[in-house]
Amino acid sequence: MKSVLRTRSLPGLLAALVLAALTVLWAVPAPASAATSVSRIAEALRESPVYVDPAAAAQLSSGDAAALAEQIEDADKALFVAVLPADQPTENLLRNLRTATGVTGLYAVRVGDRFDAGADSSVLPRTAVRNLVASVGGESDAKTQLDDFADRALANMGGSAPASWGSSSDGGGVPAGALVTVGAVLAVGGVGAYTLVRRNRRRQAEEQRAALEKLRVVVDEDITAFGEELDRLDFHPAEPGADDAMREDYEHALDSYEKAKSFMAAARRPEEVRAVTQSLEDGRFSLARLAARREGRPLPDRRPPCFFDPRHGPSTTDATWTPPSGAPREVPVCAADATRLADGRDPVMREVDTDQGRRPYWDAGPAYGPWAGGYFGGGLLPGLLVGTMLGSMMTTPSYASDQASAYEGGDTSGADFNSDDFSGGFGGGDFGGGGDFGGGGF
């Protein structure tokens with residue numbers, strides 16, 4: 001089977017040289033069969049997103065494989081797909097394939113009629129991978145299964161495609177002499193590879209800017225709402241009855257407001273929004289303490305914000321709530337929403353803009369993870385959002401960290417990766433179909 005070659009945009013001279021080299025490749029007949037070693041599969045995947053073993057060609061036609069490869073390349077995501085014969089050894093297959101390829105990404109492998117996947121957590125969390133695998137587990141047709149998996153994965157994974165996809169062909173079955181010829185030509189035009197890397201970096205930066213601007217709308221609403229709360233407070237440090245503790249709470253709330261504005265103005269990446277909502281959460285707790293002091297009530301315990309809308313302030317209790325088509329769960333709620341639930345009414349939910357219209361923030365995808373992560377720190381929110389992409393994203397270490405992952409999809413990390421991300425399923429020796437579907441989702 002021959003891979004579809006997609007010529008990338010390169011400077012004029014380099015483009016001519018590359019086309020000449022690729023003509024050499026097309027002129028060389030491929031052998032009748034190819035080895036199915038992990039090294040061979042990895043070599044092919046470094047050059048094209050889809051590899052179909054000759055012994056498994058009946059599962060996915062060359063046309064369908066080419067269309068799938070084109071979809072992945074157009075999405076500019078590091079999704080690797082391999083279709084292998086039923087007798088392919090599966091012990092540690094995902095882990096070994098990731099090691100041999102050396103590229104951070106999401107790896108989807110079909111062996112016979114069995115399917116599994118694994119991903120670096122910086123690209124897609126393990127919970128999300130398991131849910132995606134389970135969602136296509138009942139599909140026996142390879143084309144349908146792989147197309148559906150790709151559609152859902154590409155919409156949620158991070159990072160960008162490896163630059164190597166834009167600079168060579170699949171290379172399957174090409175003699176060493178032809179590869180040497182191509183290597184010599186491409187060495188002359190090394191600037192072309194650099195151009196491709198820069199293009200991917202620029203695209204990634206543009207995606208981050210777009211995500212940040214989407215978050216900015218929501219965060220600016222939160223900052224404005226908190227500022228209005230401060231205006232309505234009608235507290236004066238010198239008013240009768242005010243003491244040092246009240247003044248300290250008030251000053252802390254003002255400081256949190258200023259920090260939130262400053263952090264948002266300085267934010268350049270989506271994950272930096274977490275510091276903004278952390279400041280707003282801290283400021284609202286100070287206002288709750290101040291209100292209790294002024295009214296002579298016991299000071300409130302430190303609790304997370306209201307799950308339905310953090311602008312409601314700190315929660316006062318936990319209540320049972322059942323989302324549409326989901327399982328019941330305990331969520332922290334403010335007093336007003338607790339009353340609404342007790343009366344059988346819907347709580348007042350925070351909605352955000354999505355491509356499908358206004359949706360509750362937990363149903364709007366992983367883009368709102370940094371925003372929610374600042375409000376619900378300490379690992380609380382993933383348990384509340386089991387089964388959603390936002391909840392899945394928050395199972396990654398970056399949820400509780402101020403630093404982004406060292407490697408993003410498409411980066412070359414070699415064998416330097418967390419092997420636990422590829423354990424279970426293939427990695428544990430059993431072809432497990434991604435593990436059990438967590439259920440209880442929305």
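Is D76 buried or exposed? At 2% relative accessibility, D76 counts as buried. The model is predicted.

## Two positive phi angles

D76 sits in the loop between α3 (62–75) and β2 (79–84). Its phi is near 60°, a positive value in a residue other than glycine. Most residues other than glycine have a negative phi.

D234 also has a positive phi, near 55°, and is not a glycine. D234 belongs to the loop between α8 (190–233) and α9 (244–266). Its setting is exposed, because its relative accessibility is 53%, above the 50% cut-off. D76, by comparison, counts as buried at 2%.

## Strand β2 and its partners

The loop that holds D76 leads into β2. Six of the six residues of β2 are buried, so the rest of the structure largely encloses this strand. L79, V81 and V83 point one way. F80, A82 and L84 point the other way, and these too are buried. In a regular strand the side chains alternate between the two faces of the sheet.

β2 pairs with strand β1 (residues 50–52) in the parallel sense, over three bridges. V50 has V81 of β2 as its bridge partner. From β1 the chain crosses through α3 to β2, and this β-α-β crossover is left-handed. β2 also runs parallel to β3, joined to it by six bridges. There, V83 is partnered by R110 of β3. Helix α4 (residues 93–101) joins with β2 and β3 in a β-α-β unit, and this unit is right-handed.

## T101 in helix α4

T101 lies in helix α4. T101 is buried, because its relative accessible area is 5%, under the 20% cut-off. A polar atom of its side chain lies 2.8 Å from the backbone oxygen of L97.

What does T101 contact, leaving aside its neighbours within four places in sequence? The contacts are A42, R46, F80 and Y107. F80 is one of the buried residues of β2.

## Helix α6

Helix α6 (residues 142–154) has 13 residues. At 1.5 Å a residue, the helix should span 18 Å. Its end C-alpha atoms are 18 Å apart, so the expected span and the model agree.

The N-terminal end of α6 is capped by D141. A side-chain oxygen of D141 lies 3.4 Å from the backbone nitrogen of K143. Buried positions in α6 are A142, Q145, L146, D147, F149, A150, A153 and L154. An α-helix has 3.6 residues a turn, so residues three or four places apart point the same way. The cover over the buried residues of α6 includes α3, β2, β3 (106–111), β4 (114–119) and α5 (126–135).

## The β7–β8 hairpin and Y361

Strand β7 (residues 351–354) has two unlike faces: V352 and T354 are on the covered one, E351 and D353 on the uncovered one. β7 and β8 run antiparallel and are joined by four bridges. D353 has R358 of β8 as its bridge partner. The two strands form a hairpin with two residues between them.

Where does Y361 lie? Y361 is in the loop between β8 (357–360) and α12 (369–375). Y361 counts as buried, because its relative accessibility is 0%. A polar atom of the Y361 side chain lies 2.6 Å from the backbone oxygen of F307. Y361 and R350 are 11 residues apart in sequence, and their C-alpha atoms are 6.3 Å apart in space.

## Cysteines without a disulfide

How many disulfides does the structure hold? The count is zero. Why is there no bond between C306 and C334? The sulfur of C306 is 3.7 Å from the sulfur of C334, its closest cysteine sulfur, and that is too far for a bond. The cut-off is 2.5 Å. From the other side, the closest cysteine sulfur to C334 is that of C306.

Both cysteines are covered. C306 is buried, with a relative accessible area of 0%. C334 is buried as well, at 7%.

Methods: Residues are numbered from 1 along each chain as its sequence is written. This is a predicted model: local features need pLDDT of at least 70, side-chain atom pairs count only at pLDDT 80 or more; totals for chains, interfaces and linings use all residues. Side-chain values use heavy atoms; hydrogens and water are left out. Buried means under 20% relative accessible area, exposed over 50%, partly exposed in between (1.4 Å probe, protein chains only). A polar contact is a pair of N or O atoms within 3.5 Å; within protein, one must be able to donate a hydrogen and the other to accept it, and residues adjacent in sequence count only if both atoms are side-chain atoms. The expected span of a helix is 1.5 Å times one less than its number of residues. Contact means heavy atoms within 4.5 Å. Two strands pair if DSSP finds at least two bridges between them. A crossover is right-handed if, with the strands pointing away from the viewer, the path from the first strand over the helix to the second runs clockwise.
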